[in-house]
Amino acid sequence: MGFLSDALSRIKPSATIVITQKARDLRAQGRDVISLSVGEPDFDTPDNIKEAAMAAIRRGETKYTPVPGIVPLREAIARKFKRENGLDYKPSQVIVGTGGKQVIYNAMLATLNPGDEVIIPAPYWVSYPEMVGLCGGTAVPVDTTMEHNFKLQPGPLERAITPKTKWIILNSPSNPTGAAYTRAEMKALTDVLMRHPHVWVLTDDMYEHLTFGDFEFVTPAQVEPGLYNRTLTMNGVSKSYAMTGWRIGYAGGPEELIRAMDFVQGQQTSGACSIAQWAAVEALDGPQDHLKVFKKAFEERRDLVVSMLNQAKYLKCPMPEGAFYVYPSCAEAIGKTAPSGKVIETDEDFVAELLDSEGVAAVHGSAFGLGPNLRISYATSTAVLEDACHRIQRFCGSLR
Ligand SMILES: Cc1ncc(COP(=O)(O)O)c(C=O)c1O
């Protein structure tokens, strides 16, 4: 349609949202559907955070806020960066946005010119290449392998860098694979980046608190202080505090970049929701006890799901370090025939047939830039996961 912008043709619909909706529609038709496609914790926001929001409403904290966020929240974020990541950011180096998504988008909008390249390790969170494209840049996906647990290796990173590279986006623990970089793995990447001073680093640390066992989370500017002046350390309360609907994300970085993002946001949404910002202050400054509960539940579910998927014929599922996703390969199922009579040619066929024959909704890996795989979110109860994994085993067993 001539009325619509050219920019619209540069983006794809979010596959995760499409599949979640398809599962909802099937359920509305009366089908028994288990959705393993959602990207949010199934826990409720902790009570102390809800109380802080209600207190903020009662105090009348209901007006516009400064564009980059209320000072108490930027101070709480600065304390968080110091306490948990050993990073010194002044409140003037911190910006709060309406979800982590807006923070990344504004960083791209504030910095990308046509032709600028952004390196994105694949598989990636579906929104990165779309945001880069919308902002006029060129996404440069760099494939990882299951053999390396879907972690970017220094060699491929070095080869992907060109004079036009502006950013690399790192995401650990990762959506969609759950993979997280150890300090040594991160250092191998930051060593490469130190040799290319024109490349900036956007690190998406949304799943920081969701790592398992004694895994130590690290972020690039902490591992390599030499990158501090060209790193945007992005994070948010959505996943760690079960606050996806509150829409608060934030980032710390060089003052000039933060000012540019503030400038963009000022002509866009302005400050994030005042009440949600006060809730986020409580999230960051208040007790962190809920995290133990979240982590324990997610770790148990991860172990269950990985073990059950590895018992399914044709699936191979690596053990991720964090987040609440697994990313099994369905390569061995390609070429097999589903109960419907359809030959499975792609991972998209695999998830469509799985939904059709067993009512389990997962997202195909190719939507995240690397397949044939499927992304399974285990942010749901153990009983539901057991049922879903049995159905997946049955589906795989039915392939001929
Ligand atoms: C890797 C990653 N980054 C950022 C976000 C966005 O977070 P928010 O809901 O705060 O916008 C998500 C949410 O799915 C995510 O998975």
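This note goes through a predicted model point by point, from a small sheet to the internal spaces, the charged pairs and a surface patch.

1. The sheet and its order. Three strands form an open sheet in the order E9-E12-E11, and the pairing is antiparallel. Strand E9 (325–326) and strand E11 (363–364) stand at the edges with a single partner strand each, so one side of each has no neighbour in the sheet. As general background, the strands of a sheet pair through backbone hydrogen bonds, in either a parallel or an antiparallel sense.

2. The pairing of E9 with E12. Strand E12 comprises residues 374–377, and E9 pairs with it in the antiparallel sense over two bridges. In this register Tyr 325 stands opposite Ser 377 of E12, while Val 326 has Ile 376 of E12 as its bridge partner.

3. The pairing of E11 with E12. Here too the sense is antiparallel, and E11 and E12 are paired over two bridges. Within E12, Arg 375 is the residue that stands opposite Val 363.

4. The side chains of E12. Which residues of E12 point one way, and which the other? Leu 374 and Ile 376 point to one side, Arg 375 and Ser 377 point to the other, and all of them are buried. Such alternation between the two faces of the sheet is what a regular strand shows in general.

5. The enclosed space. The count of cavities of 30 Å³ or more comes to two, and the largest cavity holds about 130 Å³ of space. Its lining is made by 18 residues, and those nearest the centre of the largest cavity are Pro 121, Pro 123, Asn 171, Ser 174 and Tyr 181. Strand E3 (117–122) and strand E5 (165–171) are the elements that give two or more residues to this lining, with the largest share, three residues, coming from E5.

6. The open space. The largest pocket contains about 670 Å³ of space. It is lined by 30 residues, of which Gly 39, Lys 101, Trp 125, Lys 239 and Thr 244 are the closest to the centre of the pocket. The elements that give two or more residues to the lining of the largest pocket are helices, namely H1, helix H4 (99–111) and helix H5 (127–134).

7. A salt bridge between distant parts of the chain. The model has 24 salt bridges, and one of them joins Asp 116 to Lys 166, whose closest N and O atoms are 3.0 Å apart. The two partners are 50 residues apart and so link distant parts of the chain, since Asp 116 lies in the loop between H4 and E3 and Lys 166 lies in strand E5. Is Asp 116 buried or exposed? Asp 116 is buried, because its relative accessible area is 13% and the limit for a buried residue is under 20%. Lys 166, by contrast, is partly exposed, with a relative accessible area of 24%.

8. A salt bridge within helix H7. Asp 191 and Lys 187 form a salt bridge in which the closest N and O atoms are 2.6 Å apart. Both residues belong to helix H7 (residues 183–194), where they are four residues apart, or about one turn of the helix. Asp 191 is partly exposed at a relative accessible area of 32%, and Lys 187 is likewise partly exposed, with a value of 32%.

9. A salt bridge within helix H11, and a network. The side chains of Arg 302 and Glu 299 meet in a salt bridge with an N to O distance of 3.9 Å; the cut-off for such a pair is 4 Å. Because Arg 302 and Glu 299 are three residues apart in helix H11 (residues 289–310), about one helical turn separates them. Arg 302 counts as buried at 10% relative accessibility, whereas Glu 299 is partly exposed with a relative accessible area of 25%. Elsewhere, Asp 32, Asp 387 and Arg 391 are joined into one network by salt bridges that share partners.

10. The nonpolar patch. Phe 3, Leu 4, Leu 8 and Ile 11 together make a nonpolar surface patch of about 400 Å². Leu 4 is placed in the segment before helix H1 (15–28), and this residue counts as partly exposed because its relative accessibility is 40%.

Terms used:
Residues numbered from 1 in each chain as written. Predicted model: local features only at pLDDT ≥ 70, side-chain atom pairs only at ≥ 80, totals over all residues. Heavy atoms only, no water. Patch = residues over 30% accessible without salt bridge, like charges linked within 9 Å, V, L, I, M, F, W, Y side chains within 5 Å. Areas by Shrake-Rupley, 256 points an atom, 1.4 Å probe, with all protein chains shown as cover. Buried < 20%, exposed > 50% of the residue type's maximum accessible area, 1.4 Å probe, protein only. Pairing = 2+ DSSP bridges. 1 Å grid on protein atoms, 1.4 Å probe; cavity = no way out; pocket = protein on both sides within 12 Å on 5 of 7 lines; lining within 4 Å. Points joined across faces, edges and corners; volume = space filled by probe spheres on them.
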